Amino acid sequence: MSARSRLCVLLTALAAFTTGLCAPATAHTAAPHTAVLDGARLQHTKTRLEHGDPRLRPAVRALTVRADKWLDQGPWTVVDKPRPAPGGDVHDYLSQAPYWWPSRTPTTDNPWGCPYVQRDGERNPEVDSGTDRQDVEKTFDSAYDLSLAWYYTGEKRYARKAGQVLRTWFLDPATRMNPDLDHAQFIPCKYDGRAIGIIDFSQSYTSVVDAIALLDTGAPGWSAKDRAGMARWNTDFLGWLKDSDFGRQEAAATNNHGTFYDLLLAGLAYATGDKALARRTVLDARSRRIAPQIAADGSQPQELTRTRSWHYSTFDLVAYTRLAAIGRHVGVDLWAYRGPDGQSLFKAVDYLLPAATGAAAWPHPELEFLRYAATDVVHAAADAGDARARRAVPALEAPPGGDLWALRPAAEQLDSIAG
């Protein structure tokens, strides 16, 4: 080999070495096996971020602001409520029906002020004290925000905090929650728990499933024992959801409760390896949910009867669009379905566009109209190919704290009334 050839070899090797030194450090290169989020899309977004894409900076700043706020909060646990659930086990989750109120002034003989009466859309502040409702929402939200922040920034503190939150609520023997919802949304002096309380988890727990998938890509402090423990918990919870009387009742619901049940069932099935159940659930949603629940004009008649018709119309579509995202993982395009009268998810989102963009007032009852509630579902429809939704995106109102769609393209209920 000539001196010139040897020099070329040395220079090539040096270039490769220095390129390796300067390349972005990526400890978690595999696409996350997320149930709702598109793992390959997340991986691509992370690569764009590592290469300095300025379009992502506002969303990353908003995400880290959210994650930073969780660092000195929690962890939370079901065992620290002032009284256990009606069954007496402190590890049982407990929540109270939000729209039920005492009809009498509490007395020594009637400490709850029973009987309770329903006031739809009016949230009883009692539900936020003495139960697990607010703490479980903090657990879900913090685990999601922190896991996403770690995935995109590589900051270990986010992963470690997310792991602490999840272990405390779900895994540690002294503080773990039992994998059932037997005492969700109880009504004092009336019911020890109700099937519709499943929505406490079906609304948000698929975000926790995705948070776990993010941590599973190599998060510091998240061990094989943690992964195995969450897999067992999710398998047990899926079994309860399928086989319990409450689960069967919620599966039979014909409004947003049924849609959210399908979302939770499909998400847990996919995450625990039962892709056949996940696929079957999404397929069945076409004739079982979309056809009877969405009208030919795209309205959702059952949700329009509520005092919070805008909230519940966007709420149901959060479940639908997330279910459609799971469908993509198992070979089902829920967006492509057309019912016998032309019903579709695209039509349901398009029905919201005049109010979502501020072009027209929402023509139905709504106790507190918040335009940004529709932002995520419009994003989802736009990504799925809806031309009207795509044109509407620039006119959408960003939710408080910023629009995070670029980092977590899966709809959330942005105007949550869960407290």
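Visitor: Which two cysteines form a disulfide here, and how far apart are their sulfur atoms?

Guide: Bear in mind that this is a predicted model. Cys114 pairs with Cys189, and their sulfur atoms lie 2.1 Å apart. The structure holds one disulfide.

Visitor: Which parts of the chain does the pair tie together?

Guide: To read a cross-link, find the element around each partner. Cys114 belongs to the loop between strand S1 (100–102) and strand S2 (116–118), while Cys189 sits in the loop between helix H5 (156–171) and helix H6 (199–202), so the disulfide links parts that are 75 residues apart in sequence. The bond also has a hand: its S-S torsion is about 70°, so it is right-handed.

Visitor: Is Cys114 buried or exposed, and what about Cys189?

Guide: Relative accessibility is the value to read, with buried meaning under 20% and exposed over 50%. Cys114 has 9%, so it counts as buried, whereas Cys189 has 61% and therefore counts as exposed.

Visitor: How should I read the nonpolar core?

Guide: In soluble globular proteins, nonpolar side chains tend to be buried together. In this model, the largest nonpolar core has 115 residues, and those with the most contacts inside it include Phe170, Leu181 and Tyr205. Helix H13 supplies the largest share of this core, eleven residues. Apart from it lies another core, of five residues, among them Trp100 and our disulfide partner Cys114.

Visitor: What does Phe170 contact, beyond its neighbours within four places in sequence?

Guide: Its partners include Phe140, Met177, Tyr205 and Trp233.

Visitor: How many salt bridges does the whole structure have?

Guide: A search finds 20. For each one, look at the distance, then at where the partners sit. Take Asp145 and Arg66, whose closest N and O atoms are 3.2 Å apart. Asp145 lies in helix H4 (residues 133–153) and Arg66 in helix H3 (residues 57–70), so this bridge ties together parts that are 79 residues apart in sequence. Asp145 is buried at 3% relative accessible area, while Arg66, at 26%, counts as partly exposed.

Visitor: Which residues are joined into one network by salt bridges that share partners?

Guide: Asp128 and Arg123 give us a simple pair to begin with, meeting at 2.9 Å, N to O. The network itself joins Arg48, Asp53 and Arg55. Within it, the closest N and O atoms of Arg48 and Asp53 are 2.9 Å apart.

Visitor: Where is Arg308, and is it buried or exposed?

Guide: Arg308 is in the loop between helix H12 (301–304) and helix H13 (309–329), and it is buried, with a relative accessible area of 4%. A polar atom of the Arg308 side chain lies 3.3 Å from the backbone oxygen of Glu368.

Technical notes:
Residues are numbered from 1 along each chain as its sequence is written. This is a predicted model: local features need pLDDT of at least 70, side-chain atom pairs count only at pLDDT 80 or more; totals for chains, interfaces and linings use all residues. Side-chain values use heavy atoms; hydrogens and water are left out. A disulfide is a pair of cysteine sulfur atoms within 2.5 Å. Helices (H or I, at least four residues) and strands (E, at least two) are DSSP runs, numbered from the N terminus. Buried means under 20% relative accessible area, exposed over 50%, partly exposed in between (1.4 Å probe, protein chains only). A polar contact is a pair of N or O atoms within 3.5 Å; within protein, one must be able to donate a hydrogen and the other to accept it, and residues adjacent in sequence count only if both atoms are side-chain atoms. A nonpolar core is a set of buried Ala, Val, Leu, Ile, Met, Phe, Trp, Tyr and Cys residues joined through side-chain atoms within 4.5 Å. Contact means heavy atoms within 4.5 Å. A salt bridge is a side-chain nitrogen of Lys or Arg within 4 Å of a carboxyl oxygen of Asp or Glu.
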